[in-house]
Amino acid sequence: MNKAPDSAAGPRWLTDEEQHVWRAYLHATTLLDDHLDRQLQRDAGMPHVYYGLLVGLAEAPRRRLRMTELAMQAKITRSRLSHAVARLEKNGWVRREDCPADKRGQFAVLTDEGFEVLRRTAPGHVAAVRQALFDRLSPEQQKALGEIMEIVAEGLQPTEAGADLPWRR
């Protein structure tokens, strides 16, 4: 629905230009997510979210993160993370370790096999990202896109206690 605002008390409908931008964003992100997911499924037999988890672990000290920290980094619920890590464990790419300081906490640890899968998969994934996104944008557009996405992400991650964020669910 696309209506200009009728009154101060009514909904703030999107303008025609805002509607155009919103739909272009939805179309592009849906297609980009699908493109990257298909590339990773084809090349490594894993969805994009699993690849992101492996990258997060590879970049962490000692290739390990607390499960809650990994969920926060990936912007997913703890339940979704637990399911993903279980699948990655089954593949031998990740293992869980108990946290000695907190009996309830666990670490996710990237195995050598998982690191090798990531090493083999990364070049194709980077090529897919570059081809689908960065090669289509000028350096100025890339910078603007990064700034815009940072503003949007900051606005959706309130810092106050009790904020409804995926990794807290």
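Is Trp22 buried, exposed or partly exposed? Trp22 counts as partly exposed, because its relative accessibility is 43%, and partly exposed covers the range between 20% and 50%. Before I go on: this is a predicted model.

Staying with that residue, Trp22 has a ring partner. The count of aromatic pairs here comes to one. That pair is Trp22 with Tyr25, and the two rings are stacked, with 5.7 Å from centre to centre and 20° between the planes. The planes count as stacked because the limit for that label is under 30 degrees.

Where do Trp22 and Tyr25 lie? Both are in helix α1, which covers residues 16–44. They sit three residues apart, about one turn of the helix. As for Tyr25, its relative accessible area is 37%, so this residue is partly exposed too.

Next, a charge over a ring. Arg64 lies over the face of Phe107, 4.0 Å from the ring centre.

Now to a pair of helices. Helix α2 is residues 48–59 and helix α4 is residues 78–90. Their axes come within 11 Å and cross at roughly 80°. That angle falls between 65 and 115 degrees, so α2 and α4 are roughly perpendicular to each other.

Which residues make the contact? From α2 there are Val49, Tyr50, Leu53 and Leu54. From α4 there are Arg80, Leu81, His83, Ala84, Arg87 and Leu88. By type, the contact of α2 with α4 has seven nonpolar residues, one polar and two charged.

That is what I have on the rings and the helix crossing.

How values were computed: Residues numbered from 1 in each chain as written. Predicted model: local features only at pLDDT ≥ 70, side-chain atom pairs only at ≥ 80, totals over all residues. Heavy atoms only, no water. Phe/Tyr/Trp six-rings, centres within 6.5 Å; stacked < 30°, edge-to-face > 60°. Helix = DSSP H or I, 4+ residues; strand = E, 2+ residues; numbered from the N terminus. Buried < 20%, exposed > 50% of the residue type's maximum accessible area, 1.4 Å probe, protein only. Lys NZ or Arg CZ within 6 Å of the ring centre and 35° of its normal. Axes fitted to C-alpha atoms, helices over the stretch in contact; angles between N-to-C directions. Parallel < 35°, antiparallel > 145°, perpendicular 65-115°, else oblique. Contact = heavy atoms within 4.5 Å. Nonpolar A, V, L, I, M, F, W, Y, C, P; charged D, E, K, R; others polar.
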